[in-house]
Amino acid sequence: MSQRLCKKTALFLVGARARQEAPPVVPASAIGAWHWCRLKAWHNTSLFNTGWLSLDSLSQEELEGLLYLWVGELWKRGRERIITGRLIHGDSLDEAIGEAVTGPRLAETLLRGGVGTLVELIEKGVLDKGLIRPEEYEEQLRRYLEASDIVEYFRREDWPMIARRPRGESFMVIGVPDDISYGRGGLRVIELKTSSKPWLVKRHSRGYLAAKTQLATYAWILVDKWPVEEAVLVYKDVTGRTFLRERFAPEDLADWFETEILPNIVARLASEEPPGPSERPPCKTCEYGIET
């Protein structure tokens, strides 16, 4: 009997295990994705933390969960909206198309070969255990915390991660904004999104709310350490034309994040207990919506 990938017990097991072993880290992208589907966002968060796992210590079902996480991640790289978004964000055509071809092929290879193929690909370095390598995370966190100029840091680093630990919590909130630059009175942080349905974005659909939440995450991280002047949300259509640009006071976004997003979304993404299903999840366009 077929089942949507997101409902596999193995995914819940490896997700809980990863959160036990990792800091854990909760990425801004998953915090925004919560508004699309809570379960998708929880699974997205899992793969950011599985790099801390030891393959030798995992059960067969936990290894299957790791396999399914990678299947979802690799599968989505072939989606048209992902390719379009990468191009508008400045990625090269060759790189975007290359991953769009190899990603789904590798996902199919994993599904056919099973856990043995997953372990083999990780041992050969074709795949990592997760989206983050622990040693690289620790080094990048150190660089961020020691940076004296955030704009220089953002321009210089290959992975310009920003991070902040909520007071009294064990998890870390992390992310990489689309741009950080100097404004007239301080810093400007920008989040860039693409949409094929501008009219929905202008009606403040859940896609808009997801983008605003992601921007609020960056604002909350940055205001703790830097003089942020404004936070800007930019939307472009599939041709690259800007159809929306909204400016926010970063303090207002940070307050909203602190009082609403942090306890109601971020803490639940960091929890070992997965959230319940969302209303009207977009299963047909989700990487975890495929039937297996």
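A crossing of two helices is left-handed if the near helix is turned anticlockwise from the far one by less than a right angle. Keep that in mind for the opening stops, and remember throughout that this is a predicted model.

**Stop 1: α1 and α3**

Select residues 9-21 for helix α1 and residues 38-49 for helix α3. This crossing is left-handed. On the α1 side, the contact is made by L11, F12, G15, A16, A18 and R19. Show L39, W42, H43, T45, S46 and N49 to see what α3 brings to it. The axes of α1 and α3 lie 9 Å apart, and the packing angle is about 50 degrees. Angles from 65 to 115 degrees would count as roughly perpendicular and those under 35 as roughly parallel, so α1 and α3 are oblique to each other.

**Stop 2: α4 and α7**

Now pick residues 60-76, which are helix α4, and residues 115-123, which are helix α7. What is the handedness of the crossing of α4 and α7? It is left-handed. The angle here is about 70 degrees, with the axes 9 Å apart, so α4 and α7 are roughly perpendicular to each other. From α4, light up Q60, L63, E64, L66, L67 and W70; from α7, add V115, L118 and I122. Those residues make the contact.

**Stop 3: the three-stranded sheet**

Move on to the open sheet with strand order β1-β3-β2 and mixed pairing. Its edge strands are β1, at 25-27, and β2, at 162-164, each pairing on one side only. Direction ignored, neighbouring strands in this sheet are turned by 25 degrees against each other on average. Strand β3 covers residues 172-175 and runs antiparallel to β2, joined to it by 3 bridges. To find the register, click A163 and look across to I174 in β3, which stands opposite. Then bring up helix α11, residues 206-223: this helix packs on the sheet and touches β2 and β3, with its direction at about 75 degrees to that of β2.

**Stop 4: V173**

Stay in strand β3 and centre on V173. Is V173 buried or exposed? Its relative accessibility is 0%, so V173 counts as buried. Draw a distance to A163: the two C-alpha atoms are separated by 5.6 Å, although the residues are 10 places apart along the chain. Next, show what V173 touches beyond its neighbours within four places in sequence. The list includes V26, I31, I162, A163, R164 and P166. T217, W220, I221, F257 and V266 are also in contact with V173.

**Stop 5: the cores**

From V173, hop to V266, another residue in contact with it. Leaving out residues up to four places away in sequence, V266 touches V26, I31, F171, V173, F257 and I261. V266 is also among the residues with the most contacts inside the largest nonpolar core, along with I31, Y137, I150, L222, F257 and L269. That core has 58 residues. A second core, separate from it, has 31 residues; try selecting C6, A10, Y68 and A107, which are among them.

**Stop 6: the four-stranded sheet**

Finish at the other open sheet, ordered β4-β5-β6-β7, again with mixed pairing. β4 and β7 are its edge strands, each pairing on one side only. From one strand to the next, the twist averages 20 degrees.

Walk across it strand by strand:

- Start with β4, residues 179-182, which pairs with β5 in the antiparallel sense over 4 bridges. A hairpin of 4 residues joins the two. Two bridge pairs to pick out are D179 with I190 and S181 with R188.
- Go on to β5, residues 187-194, which pairs with β6 in the parallel sense over 8 bridges. Here T194 has K236 as its bridge partner.
- Colour β6, residues 228-236, by burial: 7 of its 9 residues are buried.
- End with β7, residues 242-248, antiparallel to β6 and joined to it by 6 bridges. L233 stands opposite E246 in β7. In the hairpin between β6 and β7, 5 residues separate the strands, and G240 in the turn has a positive phi of about 95 degrees.

Finally, switch the helices back on. α11 lies across β4, β5, β6 and β7, running at about 155 degrees to β6. Helix α12, residues 250-270, lies across β6 and β7, at about 80 degrees to β6.

Note on methods
Residues are numbered from 1 along each chain as its sequence is written. This is a predicted model: local features need pLDDT of at least 70, side-chain atom pairs count only at pLDDT 80 or more; totals for chains, interfaces and linings use all residues. Side-chain values use heavy atoms; hydrogens and water are left out. Two strands pair if DSSP finds at least two bridges between them. Axes are lines fitted to C-alpha atoms, for helices over the stretch in contact, and angles run from 0 to 180 degrees between N-to-C directions. Contact means heavy atoms within 4.5 Å. A nonpolar core is a set of buried Ala, Val, Leu, Ile, Met, Phe, Trp, Tyr and Cys residues joined through side-chain atoms within 4.5 Å. Buried means under 20% relative accessible area, exposed over 50%, partly exposed in between (1.4 Å probe, protein chains only). Angles under 35 degrees count as roughly parallel, over 145 as roughly antiparallel, 65 to 115 as roughly perpendicular and the rest as oblique.
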